Amino acid sequence: MVPSGLALIGLGSDLCNIERIERSIERFGHRFINRIFTETEQAKADRRSLTRAATYAKRFAAKEACAKALGTGFRQGVFWRDMGVVNLPSGQPTLNLAGGAAARLAQMTPAGHKAAIHLTMTDDHPWAQAIVLITVSIA
């Protein structure tokens, strides 16, 4: 249920296998990591040596979910690194959009409104999951 005063303009979810991400990192190393993840995301994952693969997998799922919420997938100028998981001062995760992802969000946001991206991520080995809601205020 979307709270009163908000309109839902995008919804996406994704389920990702942590072991698949771990194998991709082992096989392709920094070539894979640099293609998919922002520097901020890499720094967070690298600080978590015991849960590094799960940290990356949650962010991978968040990007997939965001691309779905934008309604484009990874087409129409939307690329992996255009979406970066960041934390608000409260610790709550959200997505920072750039490039084609930011352009798509601007395109789908009604004139005179500001979009907000809501993100939740979780993992339970071997799975990581993310859900993205994009809302605008209508009050």
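**Note on the predicted model**

1. In helix H1, which spans residues 18-28, the buried residues are Ile 18, Ile 21, Ser 24 and Ile 25. These residues lie on the same side of H1, because they cover an arc of only 125° around the axis. The other side of H1 has Glu 26 and Arg 27, which are exposed. The structure discussed here and below is a predicted model.

2. What covers the buried residues of H1? The cover includes three strands and two helices by name: strand S1 (6-17), strand S4 (115-124) and strand S5 (127-137), together with helix H2 (30-36) and helix H4 (52-69).

3. The two ends of H1 can be described separately. At the start of H1, Asn 17 places a side-chain oxygen within 2.8 Å of the backbone nitrogen of Glu 19. After H1 comes Gly 29, and the phi of Gly 29 is positive, near 55°.

4. Next, the sheet. Three strands make an open sheet in the order S1-S5-S4, and the pairing is antiparallel. S1 and S4 are at the edges with a single partner strand each, so one side of each has no neighbour in the sheet. From one strand to the next, the twist averages 10°. Helix H4 packs on this sheet and touches S1, S4 and S5; the direction of H4 makes about 140° with that of S1.

5. S4 and S5 deserve a separate point. They form a hairpin, with 2 residues between them, and their antiparallel pairing runs over 10 bridges. Which residue of S5 is the bridge partner of Ala 115? The partner is Val 136. Further along, Ile 117 stands opposite Ile 134 in S5.

6. The loop between S4 and S5 contains Pro 126. The peptide bond that joins His 125 and Pro 126 is cis, with omega about 15°. A student looking at the hairpin should find this bond at the turn from one strand to the other, since Pro 126 lies in the loop between S4 and S5.

7. The largest nonpolar core has 39 residues, and those touching the most other members are Leu 70, Met 83, Leu 95, Leu 97, Val 132 and Ile 134. Two or more residues of this core come from each of H1, H2, H4, strand S2 (83-87), strand S3 (93-97), helix H5 (99-108), S4 and S5. H4 gives the largest share, 11 residues.

8. Ile 134 appears both in the sheet, opposite Ile 117, and in the list of core residues that touch the most other members. With neighbours within four places in sequence left aside, the contacts of Ile 134 are Ala 7, Leu 8, Ile 9, Gly 10, Ala 69, Leu 70, Leu 105, Met 108, Ala 115, Ala 116 and Ile 117.

9. Helix H5 has Gly 100, Ala 101, Leu 105 and Met 108 as buried residues. They are on the same side of H5, because the arc they cover around the axis is only 140°. Gly 99, Ala 106 and Gln 107 are exposed, on the face of H5 turned away from its buried side. The cover over the buried residues of H5 includes S1, S2, S3, S4, S5 and H4.

10. Lys 63 belongs to helix H4. Is Lys 63 buried or exposed? Its relative accessible area is 0%, so Lys 63 counts as buried. Apart from neighbours within four places in sequence, Lys 63 is in contact with Ile 36, Phe 37, Thr 38, Glu 41, Phe 74, Trp 80, Arg 81, Met 83 and Gly 84. Met 83 is also one of the core residues that touch the most other members.

11. Two loop residues beside H4 are worth checking. Thr 51 is in the loop between helix H3 (39-46) and H4, and Thr 51 counts as partly exposed because its relative accessibility is 41%. From C-alpha to C-alpha, Thr 51 and Val 85 are 16 Å apart in space, while in sequence they are 34 residues apart.

12. Gln 76 is in the loop between H4 and S2. Gln 76 is not a glycine, yet its phi is positive, near 55°. With a relative accessible area of 60%, Gln 76 is exposed.

Key:
Residues numbered from 1 in each chain as written. Predicted model: local features only at pLDDT ≥ 70, side-chain atom pairs only at ≥ 80, totals over all residues. Heavy atoms only, no water. Buried < 20%, exposed > 50% of the residue type's maximum accessible area, 1.4 Å probe, protein only. Helix = DSSP H or I, 4+ residues; strand = E, 2+ residues; numbered from the N terminus. Arc of directions from axis to C-beta. Contact = heavy atoms within 4.5 Å. Polar contact = N/O pair within 3.5 Å; in protein donor to acceptor, adjacent residues only side chain to side chain. Pairing = 2+ DSSP bridges. Axes fitted to C-alpha atoms, helices over the stretch in contact; angles between N-to-C directions. Core = buried A, V, L, I, M, F, W, Y, C linked by side-chain atoms within 4.5 Å.
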